[in-house]
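Ready for a few exercises? Have a go at each task yourself, then read through the solution beneath it.

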Amino acid sequence: MPEVDARAMMAKKGLDPVEPYPGSGRPWASRHVCGRVVTPTLGNVAQGKGICRYCFSDFPYDGPAVLYLIADLHAVKIGCASPNLRRLSDHRRFGWVTAWTVDVATGDDAYNLEQAILSWWRDELGIEPAYESDQLPQTGYSETARWDEMDPRRVLTKLRQLGDKLGIPLLHIKETESATKRPLTAADALGARARAAQSRLSETAPRASRRSARHSGVQGQPPRSPHRAGRGVEYR
Ligand SMILES: [Zn+2]
């Protein structure tokens, strides 16, 4: 597509590109009508998606935010949340407990720290996600690591180093006992009510019909076997 046509499509959605057209599938740095420079792809913009994360997201990219680490029997999971922490109660319903939260000045800070931790896990240490996509109800499986390979205190220590390196102040750190004590229950794709129903069923069901009891027979799905998965970028 000629650049002039591409620019016209961006303009329709309030975007003014600040660099030459890179192709419809590539991030194209553009100033949104709100004044912020964002990097949507023309392909997404044409479908009305991903136009400006500051204006069209529940997540406060330019306001106070929280980076959190939650844990279950098998895994730890990192994520970003808005300060009301509604995200964490969602996770609690599925069996996760909070290990720590770190207040930061903006959602951008939280997101950048999260990505830096994921890059440390995946690229530097070669640690794979602990769960497969169908094992977690939300899109968060790719932000997990196995307890055997990563614990909350270690992530927090690395986070302090990354905060210094990236110039991102960690404003307030709050740890719970799960920062050092591994939870006894496993997260799963069921809500609390379904889990209770399944647990009543399994008391009468033959043991062999349950999924792997490799992990001390505690209810919940076992972690996946390692293989590399794509890294999610959406707000979790
Ligand atoms: Zn905007």
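**Exercise 1. Start with Tyr131: decide whether this residue is buried or exposed, then describe its ring partner.**

Step 1. Tyr131 has a relative accessible area of 0%, so this residue is buried. Keep in mind that we're working with a predicted model.

Step 2. Now look at Trp96, whose relative accessibility is 3%; that makes Trp96 buried too, since the cut-off for buried is under 20%.

Step 3. Put the two rings together. The centres of the Trp96 and Tyr131 rings are 6.1 Å apart and the planes meet at 75 degrees, so we call the pair edge-to-face.

Step 4. Where do the partners come from? Trp96 is in the loop between α3 (86-93) and β6 (97-104), while Tyr131 is in the loop between α4 and β7 (144-146). They are 35 residues apart, so to speak a link between distant parts of the chain.

**Exercise 2. Find which residues hold the zinc ion, and work out the geometry of the site.**

Step 1. List the donors: His32 through ND1, plus Cys34, Cys52 and Cys55, each through SG. Their distances run from 2.1 to 2.3 Å.

Step 2. Check the angles. Among the four donor atoms they span 105 to 117 degrees, and the site is tetrahedral. That label applies because every angle falls between 85 and 135 degrees.

Step 3. Read the donors along the chain, and you get the spacing H-x1-C-x17-C-x2-C.

Step 4. Place two of the donors. Cys34 belongs to the loop between β2 (30-32) and β3 (37-38), and Cys55 to the loop between α2 (42-46) and β4 (65-71), 21 residues away.

Step 5. Ask how open these two are. Cys34 has 31% relative accessibility and Cys55 has a relative accessible area of 37%, so each counts as partly exposed.

**Exercise 3. Trace the aromatic pairing around Tyr61.**

Step 1. Begin with the count: the chain has five aromatic pairs. One of them joins Tyr61 and Tyr111, edge-to-face, at 6.4 Å centre to centre with 70 degrees between the planes.

Step 2. Locate the partners. Tyr61 is in the loop between α2 and β4, whereas Tyr111 is in helix α4 (residues 107-124). Although 50 residues separate them along the chain, their C-alpha atoms are 8.2 Å apart.

Step 3. Compare their surroundings. Tyr61 is buried at 9% relative accessible area; Tyr111, at 21%, is partly exposed.

Step 4. Widen the view. Ring pairs connect Tyr54, Phe59, Tyr61 and Tyr111 into a cluster.

Step 5. Add a charge to the picture: the charged end of Arg53 sits over the Tyr61 ring, 5.2 Å from the ring centre.

**Exercise 4. Step back and sum up the whole chain: how many helices and strands are there, and how much of the chain is buried?**

Step 1. Count the elements, and you arrive at six helices and eight strands. Starting at the N terminus, their order is α-β-β-β-α-β-β-α-β-α-β-α-β-α.

Step 2. Turn to burial: 44% of the 236 residues are buried.

Step 3. Look at the surface. About 12,200 Å² is exposed, with carbon and sulfur atoms supplying 51% of that area.

Step 4. Finish with contacts. Take those between residues at least 6 apart in sequence; 62% of them join residues at least 24 apart.

Note on methods: Residues are numbered from 1 along each chain as its sequence is written. This is a predicted model: local features need pLDDT of at least 70, side-chain atom pairs count only at pLDDT 80 or more; totals for chains, interfaces and linings use all residues. Side-chain values use heavy atoms; hydrogens and water are left out. Donors are N, O and S atoms within 2.8 Å of the metal (3.2 Å for Na, K and Ca); water is not among the atoms, so sites may look incomplete. Four donors count as tetrahedral if all angles lie between 85 and 135 degrees; four count as square planar and six as octahedral if opposite donors are over 155 degrees apart and all others between 65 and 115; anything else is irregular. Helices (H or I, at least four residues) and strands (E, at least two) are DSSP runs, numbered from the N terminus. Buried means under 20% relative accessible area, exposed over 50%, partly exposed in between (1.4 Å probe, protein chains only). Rings of Phe, Tyr and Trp (its six-membered ring) pair if their centres lie within 6.5 Å; planes under 30 degrees apart count as stacked, over 60 as edge-to-face and the rest as tilted. A charge sits over a ring if NZ of Lys or CZ of Arg is within 6 Å of the ring centre and within 35 degrees of the ring normal. Contact means heavy atoms within 4.5 Å. Accessible areas come from the Shrake-Rupley method with a 1.4 Å probe; for residues, only the protein chains shown count as cover.
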